[in-house]
Amino acid sequence: MPKTVIIKKHGGLEVLDIQNVNLGPPSSNEIKIENIAIGLNYIDTYHRSGLYPLNLPSGIGLEGAGIVKEVGSNVKSLSKGDNIAYAAPPLGSYAKERNIPESIAVKIPDGISHKIAACIM
């Protein structure tokens, strides 16, 4: 079962809670990805602290890079096994696996690592 970081209240590092999630299949316009690298940004501390309020509980993190594990029935531009990067809501990149909209993902060009892709997004 994949793990994800959830915050249930605002605060410091102590509010980061690692949980197992039952991640269902992607919806018709989503892809399921396995994150290989995630970006860490100062805005994450704003979300966590409440400076930029979130509806809680919430995932955290906006960008990452990984491998497509499944595609929804209406996904046209990506396939299982593609290397992708993303940087946009919905929050939740602090996760081993997640479903994201196809529209926020871009293919990583050959020769670019997941780590570099996550950093430049």
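**A pocket, two cores and three tyrosines**

Hi everyone, let's start with two strands: β1 (3–7) and β7 (97–101) each give at least two residues to the lining of the largest pocket. Please keep in mind throughout that we are looking at a predicted model.

So, how big is that largest pocket? Its volume is about 160 Å³. Which residues line the pocket? Reading along the chain, you'll find Thr4, Ile6, Val21, Leu23, Gly59, Pro90, Leu91, Gly92, Ala95, Glu97 and Arg98. By character, this lining splits into six nonpolar residues, three polar ones and two charged ones.

Now let's move to the nonpolar cores. The largest one has 11 residues: Ile31, Ile33, Val68, Val75, Leu78, Ile84, Tyr86, Ala88, Ile100, Ile104 and Ala105. Two elements contribute two or more residues to this core, namely β3 (30–38) and β6 (83–87). There is also a second, separate core, made of six residues, and among them are Ala65, Ile108, Ala117 and Ala118.

One member of the largest core is worth a stop on your screen: Tyr86. What does Tyr86 touch, once we set aside residues up to four places away in sequence? The contacts include Ile33, Ile100, Ile104 and Ala105, which also belong to the largest core. Tyr86 also touches Ala65, a residue of the second core. And Tyr86 touches Arg98, which we met in the pocket lining. Other partners include Asn35, Leu62, Glu63, Gly64, Ser93 and Met121.

Last topic: aromatic rings. How many aromatic pairs are there? The count comes to two. In one pair, the ring centres of Tyr42 and Tyr46 are 5.2 Å apart and the planes meet at 85°; planes over 60 degrees apart count as edge-to-face, so that is what we call this pair. Where do these two sit? Both are in helix α1 (residues 42–49), and because they are four residues apart there, about one helical turn separates them.

Are they buried or exposed? Tyr42 is exposed, with a relative accessible area of 61%, while Tyr46 is partly exposed at 25%. Tyr46 has another ring partner, Tyr52: their centres lie 4.9 Å apart with planes at 65°, so this pair is edge-to-face too. Tyr52 counts as partly exposed, with 38% relative accessibility. Put together, the ring pairs link Tyr42, Tyr46 and Tyr52 into a cluster.

If you'd like to explore afterwards, try finding Tyr86, and then the cluster of Tyr42, Tyr46 and Tyr52. Thanks for listening!

Technical notes:
Residues are numbered from 1 along each chain as its sequence is written. This is a predicted model: local features need pLDDT of at least 70, side-chain atom pairs count only at pLDDT 80 or more; totals for chains, interfaces and linings use all residues. Side-chain values use heavy atoms; hydrogens and water are left out. On a 1 Å grid over the protein atoms alone, a cavity is a set of points where a 1.4 Å probe fits but cannot get out, and a pocket is an open set with protein on both sides within 12 Å along at least five of seven lines; lining residues have an atom within 4 Å of a point. Grid points are joined across faces, edges and corners, and a volume is the space filled by probe spheres set on the points. Ala, Val, Leu, Ile, Met, Phe, Trp, Tyr, Cys and Pro count as nonpolar, Asp, Glu, Lys and Arg as charged, and the others, Gly among them, as polar. A nonpolar core is a set of buried Ala, Val, Leu, Ile, Met, Phe, Trp, Tyr and Cys residues joined through side-chain atoms within 4.5 Å. Buried means under 20% relative accessible area, exposed over 50%, partly exposed in between (1.4 Å probe, protein chains only). Contact means heavy atoms within 4.5 Å. Rings of Phe, Tyr and Trp (its six-membered ring) pair if their centres lie within 6.5 Å; planes under 30 degrees apart count as stacked, over 60 as edge-to-face and the rest as tilted.
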